[in-house]
Amino acid sequence: MTAAGLASAQPGGGADAPGSAEQAGRLRLDGLTKVFRTRGADPVVAVDKVTLDVAPGEFITLLGPSGCGKTTTLRIVAGLEEATGGHVRLDGQPIDALPPQRRPMAMVFQSYALFPHLTVEQNIAYGLRVQRRGKEETETAIRIALTSMNLVGLENRSPHELSGGQQQRVALARALVVQPKVLLFDEPLSNLDAKLRGAMRAEIRRIQRRLGITSLYVTHDQDEAMTMSDRIVVMNKGRIEQVATPADIYFRPATVFVADFIGRANFIEVVPEQVDEGGATVTALGRTMTVPAHPDVRPNAGAYLMVRPETLSLAPAPMGGVGTVLRATFHGHSVDYEVETNAGTLAVTVPGPDPRTLLDEGANVSVAIDPARAYVLTKS
Amino acid sequence: MTASLTAAGPDAPAGPPGARRPRRRRELSVLLAVVACAVLVLVGSVFPIGAVLSAALSGEALPRYAEFFTSPVDLRILANTLVLGLLVGVAGTAIGFLFAFVQTRLDVPGKRVLHVMALVPVISPPFAVATATIVLFGRRGLVTHGLLGVEYDIYGLDGLVFVLSLSLFPVAYLGLLGMMRGLDPAMEEAAMTMGASRWRVFRTVMLPLLAPGIAAPFLLLFVEAIADLANPLVLGGDYTVLAGRAYLAVTGEYDTTSAAVYSLILLVPSLGVFLAQRYWLSRKVRTTITGKPSGSVHLITGWVRWPIYGLAVFVALIIAMLYGTVLAGGVTKVFGVDYTLTFDHLREVVLGVGREALADTTTLAMIATPVAGIFGMLIAWLVVRHLGRLGGWLDFAGTLGVAVPGTVLGIGYLLAYRPDRYIGDVLVLPALVGGGAVAGGAAAIVLAYIVRSVPAGLRTGTAALSQVHRSLEEASTNLGAGPMRTFRTITLPLIRPALLTGLSYSFARCMTSISTIILLVTPGTQIITSQILSAAGTGRYGVAFAYCTVLTVIVLAGFGVIRLLVGRTATLNRIAEGRQR
């Protein structure tokens with residue numbers, strides 16, 4: 001009932017409702033560039049020609065290490081930062097000239113930025129009062145927001161009297177009641193403990209889906225990005241490395257950086273013999289196989305075979321084999337092995353280990369690659 | 001002292017079984033430090049204030065209250081005092097807010113210059129602004145009479161509000177500057193993303209968040225204004241205030257009972273505000289909630305910034321003009337009339353009559369400054385680290401030195417230390433104040449200097465200590481250092497910037513203090529500030545200006561020496577920065 005209640009407060013919010021064209025919220029970043037200049041220091045290019053198309057209702061995550069420009073990009077979209085070059089378009093209209101208060105967007109801040117001198121209810125009402133909505137409309141919207149965000153009974157509390165999770169929900173409610181076309185999130189969960197974070201993730205995603213609000217979400221937590229997003233934008237040094245669905249990011253990383261940043265990966269140097277639609281034919285660990293490949297991969301040019309540790313399988317091979325176990329680390333739910341092979345040291349994860357077949361350090365093993373779950377990508 | 005840890009070790013298990021477990025004693029050294037601090041505050045502030053209270057509440061004084069509250073003259077004085085406090089509080093806070101706002105929120109050039117201009121009044125000697133104001137804006141003022149051709153009577157409420165607001169606003173400015181810088185910019189950004197205009201953000205977010213920050217300097221300025229004695233003496237005209245009335249009762253009428261009564265009435269609002277701030281306002285301080293501050297401040301770039309900026313520049317120009325007058329007035333024959341360059345005034349101050357005063361004041365301040373600085377840090381350390389409930393009292397007593405108006409403290413010294421004290425027939429404490437006082441009253445003056453400057457060090461020390469994690473000191477004691485050794489080798493170096501601030505402030509305060517000291521000077525001990533008063537009072541403005549200039553130079557030189565001695569490396573800052581990385 002929770003999110004449904006909030007949705008009913010948004011006439012024209014659902015895809016089937018009339019007037020959904022007005023609610024659309026197609027966001028387009030066009031060659032967005034931001035250069036920070038400080039006197040006496042070299043200019044820093046924080047955002048470098050970022051181009052991105054966000055479909056109405058889509059949930060997009062900007063993911064990357066700190067300093068990669070993801071937050072700056074988000075702040076440019078919000079209008080809190082002025083771009084050095086490029087455009088932000090909303091439903092086809094450039095909005096670069098609009099100050100933040102004129103953009104139909106709402107932001108959830110990392111620090112929540114709840115007004116400490118206002119109660120929960122006044123915080124949520126702030127945006128509505130600014131927009132001079134009618135008294136009745138305001139009250140109804142607040143009531144629905146409080147109910148759907150599970151904040152009933154806390155209306156008159158001060159923000160500092162709330163737990164972290166409650167503050168987070170107030171911040172979300174405050175952003176949602178103004179019915180923005182675009183929701184912006186700046187690492188909103190980084191101040192919560194792990195358990196609460198999981199719950200809030202699901203909550204945010206559910207409400208966002210139900211309301212169909214275009215969302216741009218900044219995080220450095222890959223788990224958050226994987227579980228919440230329709231598509232992930234991996235950024236590095238101000239540039240976009242790849243835009244793709246979580247599954248594609250994981251199994252078809254466009255660059256070594258992406259493969260390395262998301263999850264763990266082994267890279268085996270290979271020279272593809274043949275490349276066609278079906279993939280690249282490569283030889284690794286004494287076996288020739290056809291593996292899906294990045295479009296840039298060319299035959300007879302150095303490339304990497306990317307293999308995730310948990311897609312490798314090990315078998316004891318007392319009579320030789322291709323590798324030797326260097327180190328075994330037992331986690332309970334899995335065992336991590338480091339296996340020395342002629343293709344370098346490989347990380348292998350065996351999930352749900354069988355106590356009878358645990359391998360000792362120094363054991364000779366054979367290593368099997370599953371071609372369907374591996375990927376060939378270019379060096380650099 | 002330092003061996004106590006190892007000494008206690010073997011003793012403990014040696015006791016007979018079943019015997020009461022020996023309680024761990026407080027360290028002797030800490031105990032001694034507590035006693036030293038307690039003696040200082042008892043002798044320096046508690047006893048004198050007690051003397052005022054007992055005189056003001058004696059049987060002889062009680063009928064005076066009925067007189068006071070029925071006499072229109074006295075009621076007028078009370079009203080005058082409160083009105084002055086209120087106006088200065090409002091005006092000074094407003095100027096401070098203006099400067100802080102320009103500094104943190106406007107995109108304008110020359111902000112650094114404005115910052116320096118706003119801090120100039122901090123080290124300015126008393127009477128400097130008042131005297132310059134008379135010369136510029138008085139009846140024969142250079143601006144009022146010379147330029148505008150009016151005979152403006154600056155003496156009275158208008159002049160006092162003008163001078164006191166300009167002299168005291170830096171306190172408000174610094175407080176508000178810190179508050180505005182500390183505001184999480186995300187707060188304002190959040191309001192902006194929800195559609196609020198700049199003006200609305202200012203009105204609904206910034207102002208309410210700053211409200212306690214505005215109340216605090218207002219109260220502070222209020223108290224300083226009603227306690228001020230120096231300016232009413234030269235600029236009050238027939239606008240009499242309580243501090244001036246009490247001073248007159250002592251020095252003109254030799255009526256200490258009346259003086260005590262006026263003091264008590266002045267004490268009520270002063271201490272009231274002080275207590276209110278300490279126990280009520282401090283709790284209401286609003287802090288930003290969870291998470292690190294993020295985002296960036298959005299400077300105002302529209303046309304609105306220019307009128308605001310213009311106002312601040314106008315105030316800065318007035319300040320520049322006033323201090324320019326002080327500087328120029330010291331080296332011209334009669335400023336405003338005869339601009340011939342002359343060094344007569346300076347010669348009189350440095351080589352002539354003023355020489356003794358310069359030497360005496362500087363010597364006494366040099367004695368008082370390190371004592372006050374160390375005691376400030378020591379009390380802060382004891383209060384924060386070692387004492388529980390008792391610490392609250394020590395902190396309170398340590399702060400009394402500034403919470404009580406200087407005039408009241410001075411009267412307290414007169415009441416407490418002018419008579420020789422006997423127990424039986426034995427002289428236990430000879431007179432410290434008055435004609436036949438020990439060392440020409442120097443002892444009492446040094447004591448007054450110390451008591452009036454300890455609170456500044458105490459405040460900065462407490463703030464700095466709360467940044468130094470306890471574990472650093474625990475590591476030191478764990479390695480075998482006693483508490484005093486830990487204080488000397490670990491704590492003090494870590495809070496060195498606070499010590500530096502505390503010492504500098506103490507020195508400036510000693511050199512420029514007047515309200516307490518003016519009641520304690522004797523023919524045997526000359527003090528610069530009282531020399532300035534007599535020069536200004538007799539219309540020898542040139543000499544007064546020369547004194548002011550020389551005094552400022554000495555204070556600045558003192559800052560340099562303190563910096564050199566204490567060292568400029570801001571250890572604590574480095575630690576804080578290191579943590580952020």
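The following exercises, with worked solutions, concern a predicted model.

**Exercise 1. Determine the strand order of the open sheet in chain A, and identify the strands that stand at its edges.**

Solution.
Step 1. The open sheet is built from 5 strands of chain A, arranged in the order β16-β20-β17-β18-β19. The pairing is antiparallel.
Step 2. The edge positions belong to β16 (313–316) and β19 (344–351) of chain A; each has a single partner strand, so one side of each is left without a neighbour in the sheet.
Step 3. From one strand to the next, the twist averages 40°.
Step 4. Inside this order, strand β17 (residues 323–330) and strand β20 (residues 364–368) of chain A run antiparallel and are joined by 2 bridges. A:Thr324 stands opposite A:Asn364 in β20(A).

**Exercise 2. Describe the largest nonpolar core, and state which helix gives the largest share of this core.**

Solution.
Step 1. The largest nonpolar core has 221 residues. Those with the most contacts inside it include A:Leu27, A:Phe115, A:Tyr126 and A:Leu184 from chain A, as well as B:Phe99, B:Leu382 and B:Tyr413 from chain B.
Step 2. Helix α16 (residues 354–386) of chain B contributes the largest share of this core, namely 14 residues.
Step 3. Take B:Phe99 as a case. With residues up to four places away in sequence left out, B:Phe99 touches B:Leu114, B:Ala118, B:Phe169, B:Tyr173, B:Ala312, B:Val315 and B:Ala316.
Step 4. A second, separate core has 36 residues, among them A:Ala106, A:Ala125, A:Leu128 and A:Ile204.
Step 5. As general background, nonpolar side chains in soluble globular proteins tend to be buried together.

**Exercise 3. Characterise the interface of chain A and chain B by its residues, its buried area and its salt bridge.**

Solution.
Step 1. Chain A supplies 28 residues to the contact, and chain B supplies 29 residues.
Step 2. About 2,500 Å² is buried between the two chains, and carbon and sulfur atoms give 62% of that area.
Step 3. On the chain A side, A:Gln101, A:His117 and A:Tyr126 lose the most area to chain B, together 25% of what that side buries. A:Tyr126 was also listed in Exercise 2 among the residues with the most contacts inside the largest nonpolar core.
Step 4. The rule finds 1 salt bridge across the interface. A:Arg75 forms a salt bridge with B:Glu189, with the closest N and O atoms 2.5 Å apart; the cut-off for such a pair is 4 Å.

**Exercise 4. Summarise the secondary structure, burial and contacts of chain B.**

Solution.
Step 1. Chain B comprises 25 helices and 4 strands.
Step 2. Of the 581 residues in chain B, 52% are buried.
Step 3. Among contacts in chain B with a separation of 6 or more, 79% are between residues 24 or more positions apart.

Technical notes. Residues numbered from 1 in each chain as written. Chains lettered and ligands numbered in written order. Predicted model: local features only at pLDDT ≥ 70, side-chain atom pairs only at ≥ 80, totals over all residues. Heavy atoms only, no water. Pairing = 2+ DSSP bridges. Axes fitted to C-alpha atoms, helices over the stretch in contact; angles between N-to-C directions. Core = buried A, V, L, I, M, F, W, Y, C linked by side-chain atoms within 4.5 Å. Buried < 20%, exposed > 50% of the residue type's maximum accessible area, 1.4 Å probe, protein only. Contact = heavy atoms within 4.5 Å. Buried area = accessible area lost by both parts, 1.4 Å probe. Salt bridge = Lys/Arg side-chain N within 4 Å of Asp/Glu carboxyl O.
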